[in-house]
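Visitor: I would like to learn how to read a model of this kind, feature by feature. Could we take the general idea each time and then turn to the case at hand?

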Amino acid sequence: MANKPKIICVTGGKGGTGKTLVAVNLAIMFKNEGFKTLLVDGDSENPNTYLLLGGKLGKRESVLFFKPLINEEKCTKCGICADNCVPHALLHIKDSIPIPILAVCSGCKLCFKICPAVAIEPDYKTVGWVYNITIRDIDLLVGELKPGEARSATVIEALLAKVDNKINNIGEKYDIVIIDTAPGAHCDVEELIEKADYVIPVTEPTKFGLSDLIRINELISLLHKDFKVIINRSTLLGYKNQFFNEIKNLKLEILGNIPLDDEVVNSYCAGVPLMENKKAHEEIGPAYQAFLKIYETIKEWIKFEKN
Amino acid sequence: MVIIAVPSDGNGGLNELINSRFGRCPSFTFVKVEDKKIKEVKVVSNSAVGQMGGAGIHAAQLIGDNGAGIVIIGFLGPNAAQSLNALKIQIYQAPNKSITVREVINLYLENELPSINNANVAAHRGMGGA
C-alpha cells in the first residue's frame, strides 16, 4: 500500500501574520529538494498563494450549491416539503405551491428526496470555484468563494474532496501536502486543520497576535493536533518581551522565529518566493536563514521521509 | 372584506397590546374588516415563537394560512419581509409606541399607517440581545 503524504496545515488566527508566506515557502523548499508537493489554498475569501508564487489562476471548476426548483405542473400542493424543512426555507400556504426562501436554505436536498409527487427538481447555483494548477513545479489547489456568497464551507468541502482525489490518485504520489488557511478560528479553518497531521500557527509579537494565537490554539487543541508556533517579524519591538513571556507561560513550543527582513518584502514585490533557488552571487539574509532552519526542524518533527 | 393580522402580546385580542416582534410574538390577532368596520376577531397563538430559526418565515406562513391579506408590524426582518412579499401580503408599519390592536386597526382604517415593502431591521432582531 502506498504511503499517504504527511499533511501540514499553516494557520494562525490573526490576519496578515504571514501564513501564506510560510505555506508558500515551505512548499518551495520541499519542491527544491525534489519532493512532490501539493499546496492547498483554503483562504477562500482571499486566495493569494498563486500571487506569491508569481503565477496565474487559470482553469477552474464551479462549486455548486443545491437549491429547490418546484415543478408547478407536478406539485400537488401537499406541503410535505415545507413541513419537514428544518430551516423553514419553504413557504407553504394551504392549497398553494410552496415558495423557496433561498436565503435560509441549507442545501440539504431533503425536500427533493421526500416530495411524493417528484415535483422538486435539483437546481444549482455557483457559490465558488476550485482551481487545479501547477506553478513552479508545485501542484496548487485553490478554493475561491464567489464574492457576495456566504457558503464558504461548501467551497472548502469541495476543495478538500479535490485534495483527497489527488492524494489517492495512484499516478500522483505526493510526498508532502501543505494547507494554507484563512485567518480566524471558524469552521472553514477547523475543517482544514482537521485534515492535517501537523499544524503550524503563524503569529507575530503583538497584542493582537497573542490574543488570536490563544484562540487558534484552543481550536487546535480541541482537534487534538500536534502543533508548533512560528513567530514572524520576531524582531518587532514594543510588545516583544511580554509576548515571549506569555508564550513561555502558555508552554507553547516554538518552531522558529522569522526576523524582520527587507528581503521578504522584496520577494513579495517581485513575485518570486523568498526560498526559490538563489543565484550564486545573491546575498543570504536573516529571514532566508530562519526559513532554512525551520525547514530542517519540521522534517525532524514530522519524521519526514520520501514516499 | 380583508383580514388584517397583528402580532399581539399575551393571549391576543383587540384590547391587547401589539407586539413589536413579528416572528416571535406570542400571538397573532386576525381582524376581519368590511366597509371600514371590524366584523370578526380571531386569535391564533404563534407556533413559531420558540423555533431555532426561520421564525419569520414560519410566522408569514401562519398568517397566510389564516387568510390575511394585510399585516401591521413593528419590526420586520429580511426573511419575514421576503416571505410576506412572496405571499403578496401587504405590510403596514405600526407607530413605534405602546398601542393596542384596536387602536392600530383604527389608525389603519383612517389611512394613518405607512405601507412598507422591505425589512426595517436585520435578521434575528426578535431573538433579543442588545
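Visitor: In which sense do strand S1 and strand S4 of chain B pair, parallel or antiparallel?

Guide: This is a predicted model, and what follows should be read as such. Strands count as paired here when DSSP finds at least two bridges between them. In chain B, strand S1 (residues 2–8) and strand S4 (residues 70–73) run in the parallel sense and are joined over two bridges. To place the pairing at the level of residues, take B:Ile4, whose bridge partner in S4(B) is B:Ile70.

Visitor: What is the strand order of the sheet in chain B, and which strands form its edges?

Guide: Reading across an open sheet gives an order that need not follow the numbering along the chain. In chain B the six strands are arranged as S3-S2-S1-S4-S5-S6, and the pairing is mixed. The edges are strand S3 (37–45) and strand S6 (115–116) of chain B, each of which pairs on one side only.

Visitor: How many residues of chain B are in contact with chain A, and which helix of chain B gives the most?

Guide: One may count the residues on either side, and then ask which elements supply them. Here 13 residues of chain B are in contact with 10 residues of chain A. On the chain B side, helix H1 (55–65) and helix H2 (78–86) each supply at least two residues, and H1(B) gives the most, with six residues. By class, that side of chain B has four nonpolar, eight polar and one charged residues.

Visitor: Turning to chain A, which domains does the assignment give, and how far apart do their centres lie?

Guide: A domain may be made of more than one segment of the chain, and chain A offers a case: domain 1 is assigned to 6–54 + 136–301, and domain 2 to 64–126. The C-alpha centres of these two domains of chain A lie 42 Å apart, while the C-alpha trace of chain A spans about 80 × 45 × 40 Å along its principal axes. Chain A has 10 helices and 12 strands, and buried residues make up 43% of its 307 residues.

Visitor: Is helix H1 of chain A mostly covered or mostly exposed, and what follows it?

Guide: An α-helix has 3.6 residues a turn, so residues three or four places apart point the same way. In H1(A), 13 of the 14 residues are buried, and the helix is thus mostly covered. Helix H1 (residues 19–32) of chain A reaches 20 Å from its first C-alpha to its last, close to the 20 Å expected at 1.5 Å a residue. After H1(A) comes A:Gly34, with a positive phi near 90 degrees.

How values were computed:
Residues are numbered from 1 along each chain as its sequence is written. Chains are lettered from A and ligands numbered from 1 in the order in which they are written. This is a predicted model: local features need pLDDT of at least 70, side-chain atom pairs count only at pLDDT 80 or more; totals for chains, interfaces and linings use all residues. Helices (H or I, at least four residues) and strands (E, at least two) are DSSP runs, numbered from the N terminus. Two residues are in contact if their C-beta atoms, placed from the backbone, lie within 7 Å. Ala, Val, Leu, Ile, Met, Phe, Trp, Tyr, Cys and Pro count as nonpolar, Asp, Glu, Lys and Arg as charged, and the others, Gly among them, as polar. A residue is buried if 20 or more other C-beta atoms lie within 10 Å of its own, exposed if 12 or fewer, and partly exposed in between; C-beta atoms are placed from the backbone. Domain bounds come from an automatic or database domain assignment. The expected span of a helix is 1.5 Å times one less than its number of residues.
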